[in-house]
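Please look over the sequence and the model shown here before reading the comments. They are meant for someone meeting this structure for the first time.

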Amino acid sequence: MRIPFIEKLLLLLRPRVEDDFERIMLMHDLEKRGTKVASWTRFGFIAVVALFLAGAQSRVDEDLHCLAQTVYFEARGEVEKGQVAVAHVVMNRVRDRRWPGSVCDVVREGGREKENCQFSWYCDRAGDTPGHLADWNAARDLANAAYWGESEDPTGGALWYHATYVKPIWRRKLARWGRIGTHIFYLDPARKRV
């Protein structure tokens, strides 16, 4: 279902953190519309929007960094499709109301305790600075494409995954979607395999 343009604009006025991703995607959509929005800028539309989006660019940069770190530390060494799949699991969670509305909040959910963290790299107590420049640049490119919707989700909407060499107990409650590289992906149990 498409949201009418006016309702999209109202997203800009909502002060809830959960709506950050929608605001950012709206601004991306507005940028694509270019000339249609250009006439609005003469009447101060951009100035009004800027008041509500103060800090939005830094939030985007932070989210892109968190997503790239997740791709790098969770799937470096995987085939590209596996890395893209990991990025899309994070983005699928961002879009799902059960999780926080920003990439970094999704990645950091549960804190740094191994029992509670959602992504192993975030709570493994190892350094979080990428050591291989070429792999880091590739992770950043893949994260950027997934974030802006410029890559297709190879998992069909998966919200969970784990490495093939572990068998977490939570997997039994979910619908197994399939395997890409060394990760197994899962959907909500009510969803059918896409």
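The points below take up two residues of one helix and then a sheet.

1. This is a predicted model, in which local features need pLDDT of at least 70 and side-chain atom pairs count only at pLDDT 80 or more, while totals for chains, interfaces and linings use all residues. Residues are numbered from 1 along each chain as its sequence is written, and side-chain values use heavy atoms, with hydrogens and water left out.

2. Asp63 belongs to helix H5, residues 56–75 (helices being DSSP runs of at least four residues, strands of at least two, numbered from the N terminus). Asp63 is buried and has no salt bridge, the nearest side chain of opposite charge being that of Arg59, 4.0 Å away. Buried means under 20% relative accessible area with a 1.4 Å probe, protein chains only, and a salt bridge is a side-chain nitrogen of Lys or Arg within 4 Å of a carboxyl oxygen of Asp or Glu.

3. A polar atom of the Asp63 side chain lies 3.4 Å from the backbone nitrogen of Val103.

4. Gln69, also placed in helix H5, is buried, with a relative accessible area of 8%. Not counting residues up to four places away in sequence, Gln69 touches Glu74, Trp121, Asp128 and Trp136, where contact means heavy atoms within 4.5 Å.

5. An open sheet of 3 strands follows the order E1-E3-E2 with antiparallel pairing, two strands being paired if DSSP finds at least two bridges between them. Strands E1 (160–163) and E2 (175–180) stand at the edges, each with a single partner strand, so one side of each has no neighbour in the sheet.

6. Strand E2 pairs with strand E3 (residues 183–187) in the antiparallel sense over 5 bridges, and Ala175 stands opposite Leu187 in E3.

Notes. Buried < 20%, exposed > 50% of the residue type's maximum accessible area, 1.4 Å probe, protein only. Lys, Arg positive; Asp, Glu negative; His and termini not counted. Polar contact = N/O pair within 3.5 Å; in protein donor to acceptor, adjacent residues only side chain to side chain.
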